[in-house]
Amino acid sequence: MDDLPFQLADCGAPATIRIEVCSAIEKSGAGSLDGAVYVCPAHPDAAAVAIAAAGFTSAAGPMSTDLQRPCGYVHAYPTGALANDSGHPRWCDRNGCGRRGEHWSQVAALDDDRQQPSIVAVWLVQTLAPTAETIVALSVTDRTTAKRVLLSVGQARALRYRLGSLLAV
């Protein structure tokens, strides 16, 4: 891949080491697995230095024996920071966007493994318009009705802090 934020050795020897490339962990504690780099035994240190210089973290490990990759091969996960897909936001699940007319993140259910009066889920949404803002969708379903509420990112952030304050009381 020519559009990576780092340069790797491209010696072409058979790779025996897989290096996971991750976005640096943010203040929220969230990072992401963005790709995998495959290198021969001569290049893991150089790859780790290049990955770190580009602002990513890395973790090396052995490769699956049934996988054949040349040294310098990179697999970028489609939802990671290394993906070159300007048609989707980084968080998009890339599943049915055209049909829905919206990009969606994976839906996160709010479940604490106990019987609850409502089923609650939350996800990010953005229409396909190039200048559309990202919003937070919140779905609440009880025994008889379902309601979808859309919040701006600012409203969702304020709700997060308000809930934190209420729960602390």
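Biologist: Let's start with Glu 102: buried or exposed?
Modeller: Glu 102 has a relative accessible area of 17%. This is a predicted model, where local features need pLDDT of at least 70, side-chain atom pairs count only at pLDDT 80 or more, and totals for chains, interfaces and linings use all residues. Residues are numbered from 1 along each chain as its sequence is written, and side-chain values use heavy atoms, with hydrogens and water left out. Under 20% is buried, over 50% exposed and in between partly exposed (1.4 Å probe, protein chains only), so Glu 102 is buried.

Biologist: Which side chain does Glu 102 join in a polar contact?
Modeller: Glu 102 sits in strand β5, residues 102-104 (strands are DSSP runs of E, at least two residues; helices are H or I, at least four; both are numbered from the N terminus). A polar contact is a pair of N or O atoms within 3.5 Å; within protein, one must be able to donate a hydrogen and the other to accept it, and residues adjacent in sequence count only if both atoms are side-chain atoms. At 2.8 Å, the side-chain partner of Glu 102 is Trp 104.

Biologist: And His 103, what is its relative accessibility?
Modeller: His 103 also lies in strand β5. Leaving aside residues up to four places away in sequence, His 103 touches (heavy atoms within 4.5 Å) residues including Gly 87, Trp 91, Cys 97 and Val 125. Cys 97 and Val 125 are also among the residues touched by Glu 102. His 103 counts as buried, with a relative accessibility of 6%.

Biologist: How many aromatic pairs are there?
Modeller: Rings of Phe, Tyr and Trp (its six-membered ring) pair if their centres lie within 6.5 Å; planes under 30 degrees apart are stacked, over 60 edge-to-face and the rest tilted. By that rule, the count is three.

Biologist: How far apart in sequence are Phe 6 and Phe 56?
Modeller: These two form an edge-to-face pair, 6.3 Å centre to centre with 80° between the planes. Phe 6 belongs to the segment before β1 (17-23) and Phe 56 to strand β3 (residues 56-62), so distant parts of the chain are linked. Both residues are buried. Their separation is 50 residues.

Biologist: What is the pair of Tyr 38 and Tyr 73: stacked or tilted?
Modeller: Tyr 38 in strand β2 (residues 33-39) and Tyr 73 in strand β4 (residues 73-76) are 35 residues apart. Tyr 38 is buried at 6%, while Tyr 73 is partly exposed at 32%. With the centres 5.9 Å apart and the planes at 50°, the pair is tilted.

Biologist: What about Leu 166: buried or exposed?
Modeller: Leu 166 is in helix α3 (residues 153-168). Together with Leu 159, Leu 163 and Leu 167, Leu 166 makes a nonpolar surface patch of about 440 Å². At a relative accessible area of 63%, Leu 166 is exposed.

Biologist: How many residues apart in sequence are Thr 145 and Ser 118?
Modeller: Thr 145 sits in the loop between β8 (135-141) and β9 (146-152) and is partly exposed at 47%. In space, the C-alpha to C-alpha distance from Thr 145 to Ser 118 is 9.7 Å. In sequence, the gap is 27 residues.

Biologist: Zooming out, what share of the chain is buried?
Modeller: The chain has three helices and nine strands, running β-β-α-β-β-α-β-β-β-β-β-α from the N terminus. Of its 169 residues, the buried share is 27%.

Notes: Patches are made of residues with over 30% relative accessible area and no salt bridge: like charges are joined within 9 Å, nonpolar side chains (Val, Leu, Ile, Met, Phe, Trp, Tyr) within 5 Å. Accessible areas come from the Shrake-Rupley method with a 1.4 Å probe; for residues, only the protein chains shown count as cover. A salt bridge is a side-chain nitrogen of Lys or Arg within 4 Å of a carboxyl oxygen of Asp or Glu.
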